[in-house]
Amino acid sequence: MSPHFQPEPPLAQLEAIPSSPITGYLRAEADPQLLAPSFQVLADRATMCKRSPSSSSRQPHTVRGHTPGFSPRSPGGHFRHTKPPCTTQLQQQRLEKQHSPAYHYTTIPPVCEYPPSGDKTEGEVKEEVKTRDPAAPPADPTNSAALLLPPPPPCCLFPSPQAPILCPAPCLSISRGEPMRGRRNARLAPPPGLPHLPSGRHKMVAGGTGRLLCSLLVPALFLSGALCLCVAVLLWAARLWLQARKQRLSPAGRDGQRPVLVAFFHPYCNAGGGGERVLWCAIRTIQKKYKNVTCVVYTGDRDATGEEIVEGAFRRFNIKLTHPVKFVFLEKRYLVEASLYPHFTLLGQSLGSVFLGWEALLKCVPDIYIDSMGYAFTLPLFKYLGGCRVGCYVHYPTISTDMLSVVRNQDTRFNNAAFITNNPLFSKFKLVYYYLFAFLYGLVGSCSDVVMVNSSWTLNHILSIWRTGDRTSVVYPPCDVQTFLDIPLEEEESTAECSIVSVSQFRPEKDHPLQIRAFAKLLKEKGLGQQPSLTLILIGGCRNQQDEERVNNLKRLCEELGVSDNVMFRINIPFEELKKHLAEATIGLHTMWNEHFGIGVVECMAAGTVILAHNSGGPKLDIVVPYEGHITGFLAENEDNYAEKMAYILSLSPEKRLEIRENARRSVYRFSDQHFEETFLLSVEPLFK
């Protein structure tokens, strides 16, 4: 027997392998073959270690996929093995420092001694370690010849207790005669892309970075959680305080029951547009249906009294309320003025509406809150702080997918300036801003319990952003078609006197300059300038000083184009005068791109004019559509189209124009006040349950 080997220990000694942290780490290996090697395999290894050195001088039989120096089982069931290298504890610690992530070790009972014949002594190994150049790059762990110290053998020898060996776990499958998989060999290689630093240095850097991140992350999470908890407590306390305030300010009535407060958020309720008509018709409908209800209107029109506002609604829209209305006058309406935010107007107005809504909530806490003007950012305020059931009537989405496409395509519009469209960087930045705002708009809009929209166009955009399909319905705005139906439809006797009427508020999106330029082109290029009786009448309401300045700019545009004598401006006129102008008009003109609905369009059709509207939005999808297969009006898109279509309408015979007017009048019954009341009550019914 060679002096370097000891007799094989009994199998009982192999079974009594003591547990250790290293052994436990081996048991965490994912491969079951590596977790539970049989004791017979260990005995086979011991048998290999007993082979004499003379038997290892033969050339080993190498099989593809196996480590050189080993062969699978021979027909006799034994291993053929070359002289296997053994390593000392010092060498093993050196390897463990360099390649510890790639190895898993376990303690093996002693079988043989170190060193086998022909290997270096322990003193020689220590000397080589001392004399090695520290600046030399580490050797490739996949090439055992290039290593300063030989790697652990795929199948280990069992050393004596004086020189224990730590055996790598991947050798267990080789001891069974299985091929060494390429993925296990790959595990021995250092991670690619790392600098040539000792493995211990990598561990120190990684460990220091991890400790730094933990030292920053844990306090940040703690502070964030504490801050969120404080905010939640404050919001809950504010809600309780508002509920107590509500009980004090709303005492019970004579019958012992407290009336239900239904509040409408409409800061510009004294204006004369289609949105205000929706407001007063909605209040009148609720007063007819529910008796124990008090309607409240949040308004910023402090220049008029409540009685004057109600009287103005009757004068403009012919709407008479059955019960009084409580007005809550707001002092901070300037926070939602577009002039206050020359840049980031959408975000500024939305945040301003939150502060304005907080003022409204402090002055009156309702039971039911309805936003009737498009300030969606007030919905979560009234729902979660005020404890109200909330609903909204959306005339026009604050941001739509069409607005996103305009910025993406770098189209110049009234809300997309030329200096932005001409700069790709500014366009990208604005597109990101729009996407972020659309995300916030969708969050606040989804808080609404009931969502009402005024057209199919608005419905499509609200569903794509708010995703509230289960509680969204189309409620066409009320149009006083019955009043206009009183106007008799007669065949025109003469075309000597013709007027073109536009009914819309003087807001930038209505695009009144397009009307004036198209009318000027009609007079000059279509040969109609010789008709002094052809007049363009612009009828609308001014809400504030900005609207008045906009009217002055339109008057200057008329002077520049030389059509001042043919253009009239009628501002904030009473309903009877509006009715008179529509009865005498030949063409009703509308130029707003993507108009959400178009009450003015419906009124023009009901009054008997031949409508010419923009080829987009509500007019295209809901209003100026064929009725029973017959034409009801015309659509245009740009200045040239409008001029051509107006010239074509004026060139039609009186009989043909009368046919179009009759078809249009029959088609507008679906936009009557009665139809609005029915659909509105069905939509808001969940709020009163």
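What share of the contacts in the protein chain with a separation of 6 or more comes from residues 24 or more positions apart? In this predicted model, such residues account for 72% of those contacts. The protein chain holds 689 residues, of which buried residues make up 48%, and its secondary structure comprises 26 helices and 15 strands. The points below begin with the chain as a whole and then turn to strand S8 and its neighbours.

**Chain-wide surface**

- The accessible surface of the protein chain comes to about 33800 Å², and carbon and sulfur atoms contribute 58% of that area.

**Strand S8 and its burial**

- Strand S8 spans residues 450–453 and is covered on both of its faces, with Val-450 and Met-452 buried on one side while Val-451 and Val-453 are buried on the other.

**Pairing on either strand partner**

- Strand S7, made of residues 389–394, pairs with S8 in the parallel sense over 4 bridges, and within this pairing Cys-392 has Val-451 of S8 as its bridge partner.
- Strand S9, made of residues 472–474, also pairs with S8 in the parallel sense, here over 3 bridges, and Thr-472 of S9 stands opposite Val-451.
- Val-451 is thus a residue that appears in both pairings, as the bridge partner of Cys-392 and as the residue opposite Thr-472, and Val-451 is itself buried.

**Connection from S8 to S9**

- Helix H17, which covers residues 456–465, joins with S8 and S9 to make a β-α-β unit, and the handedness of this unit is right-handed.

Conventions:
Residues numbered from 1 in each chain as written. Predicted model: local features only at pLDDT ≥ 70, side-chain atom pairs only at ≥ 80, totals over all residues. Heavy atoms only, no water. Buried < 20%, exposed > 50% of the residue type's maximum accessible area, 1.4 Å probe, protein only. Helix = DSSP H or I, 4+ residues; strand = E, 2+ residues; numbered from the N terminus. Pairing = 2+ DSSP bridges. Right-handed = clockwise from strand over helix to strand, strands pointing away. Contact = heavy atoms within 4.5 Å. Areas by Shrake-Rupley, 256 points an atom, 1.4 Å probe, with all protein chains shown as cover.
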